[in-house]
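Visitor: I have not looked at this one before. Can you walk me through it?

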Amino acid sequence: MDYFPLFAKISGKRCVVVGGGSVGLRKIRLLLEANAQVVVVAPELNSDVQVLADSGRVKWVPYKYDHQYLNDTLLVIAATNDGQVNAQVFADAERRSLMANSVDDPEHSSFITPAIVDRSPLVIAISSGGSAPVLARMLREKLERELGEGYSVLARLAARFRVQVKQTLGSLTVRRRFWETFFERNVDRVLEVNGQSTVFSMAHLLEEFATDHQ
């Protein structure tokens, strides 16, 4: 395994994207979805990135790249069409022990962004370590077809009931069996039920487990 799989909490953290074109836009949107504070360093922006800057969703630094823009930064993404600039961004990040990604350039990346199936809060990341990104995207598309939005419903319900289940069922082993039973009963029919009927199933099952394990 060439890369350590990791989901990082970057909400509210300063993340820098060097480059204001279409390649940078994809990374900017991904960072915004994770609620990062996005800073875009680029002399010019394309129209879509400009909209984000004008709306205040990203901070635009309208200059050529300089290492000073990495101050107080968690991670940086180099997304210019100049390989030398991208390599310099990576070198500067390495000296500061920052996580850095040069788009489509694994040699100048300390992390890579995987293909993502987003059924938040359930998120599936698929990576080939940069060796076969098209295959990773094909697998993502296959999983997106197979895993509908109902899985997001189940994951959100689990989050809502997590504390209640923990308070009701004191044993870790019993709680694990509870969740296994709940998901096994619902995962195959999740596309056919709405949140309300699943909540009823959750509450009813929790009552059963509480009674059986008093």
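Visitor: Let's start somewhere small. Is Ser97 buried or exposed?

Guide: Keep in mind that this is a predicted model. Ser97 is exposed, with a relative accessible area of 68%. Ser97 sits in the loop between α3 (83–95) and β5.

Visitor: What about the phi of Ser97?

Guide: Ser97 is not a glycine, yet its phi is positive, at about 60°. Most residues other than glycine have a negative phi.

Visitor: Which loop holds Asp72, and what is its phi?

Guide: Asp72 lies in the loop between β3 (58–61) and β4. Asp72 has a positive phi of about 55° and is not a glycine. With 73% relative accessibility, Asp72 counts as exposed, because that label applies over 50%.

Visitor: Which residues does the cis peptide bond join?

Guide: The bond between Ser120 and Pro121 is cis, with omega about 5°. Pro121 is in the loop between β6 and β7. Most peptide bonds are trans.

Visitor: New topic: pockets. How much space lies in the largest pocket?

Guide: The largest pocket holds about 1,900 Å³ of space. It is lined by 49 residues, and the closest to its centre are Leu30, Ile112, Thr113, Pro114 and Ile116.

Visitor: Which elements give two or more residues to that lining?

Guide: They are α1 (22–33), β4 (75–78), β5 (99–102), β6 (115–119), β7 (122–126) and α4. Of these, α1 gives the most to the lining of the largest pocket, with six residues.

Visitor: How do the residues of that lining divide?

Guide: The lining of the largest pocket has 28 nonpolar, 10 polar and 11 charged residues.

Visitor: And how much space lies in the second largest pocket?

Guide: About 350 Å³. The second largest pocket has 19 lining residues, with Gly19, Ala42, Pro43, Thr80 and Asn81 nearest its centre. Here too α1 supplies the largest share of the lining, three residues. The lining of the second largest pocket divides into nine nonpolar, seven polar and three charged residues.

Visitor: Salt bridges next. How many does the structure hold?

Guide: The structure holds four salt bridges. One of them pairs Asp92 with Arg95, and their closest N and O atoms are 2.2 Å apart.

Visitor: Why are Asp92 and Arg95 separated by about one helical turn?

Guide: Because they are three residues apart in helix α3. Asp92 counts as buried at 6% relative accessibility, while Arg95 counts as exposed at 60%.

Visitor: Which helices do Arg185 and Glu208 belong to?

Guide: The side chains of Arg185 and Glu208 form a salt bridge, at 3.9 Å from N to O. This pair links distant parts of the chain, with Arg185 in helix α6 (residues 172–186) and Glu208 in helix α7 (residues 195–212), 23 residues apart. Arg185 counts as partly exposed at 45% relative accessibility, and Glu208 counts as partly exposed at 29%.

Visitor: What meets Glu141 in a salt bridge?

Guide: Arg140 does, at 3.9 Å from N to O. Glu141 is partly exposed, at 37% relative accessibility.

Visitor: Which residues form the nonpolar patch on the surface?

Guide: Val134, Leu135, Met138 and Leu139 form that patch, and together they have about 370 Å² of accessible area. Met138 belongs to helix α4 (residues 133–146).

Visitor: Last one: is Cys15 buried or exposed?

Guide: Cys15 counts as buried, at 0% relative accessibility. Its place is in strand β1 (residues 14–18). The C-alpha atoms of Cys15 and Ala155 are separated by 28 Å, and the two residues are 140 residues apart along the chain.

How values were computed:
Residues numbered from 1 in each chain as written. Predicted model: local features only at pLDDT ≥ 70, side-chain atom pairs only at ≥ 80, totals over all residues. Heavy atoms only, no water. Patch = residues over 30% accessible without salt bridge, like charges linked within 9 Å, V, L, I, M, F, W, Y side chains within 5 Å. Areas by Shrake-Rupley, 256 points an atom, 1.4 Å probe, with all protein chains shown as cover. Helix = DSSP H or I, 4+ residues; strand = E, 2+ residues; numbered from the N terminus. 1 Å grid on protein atoms, 1.4 Å probe; cavity = no way out; pocket = protein on both sides within 12 Å on 5 of 7 lines; lining within 4 Å. Points joined across faces, edges and corners; volume = space filled by probe spheres on them. Nonpolar A, V, L, I, M, F, W, Y, C, P; charged D, E, K, R; others polar. Buried < 20%, exposed > 50% of the residue type's maximum accessible area, 1.4 Å probe, protein only.
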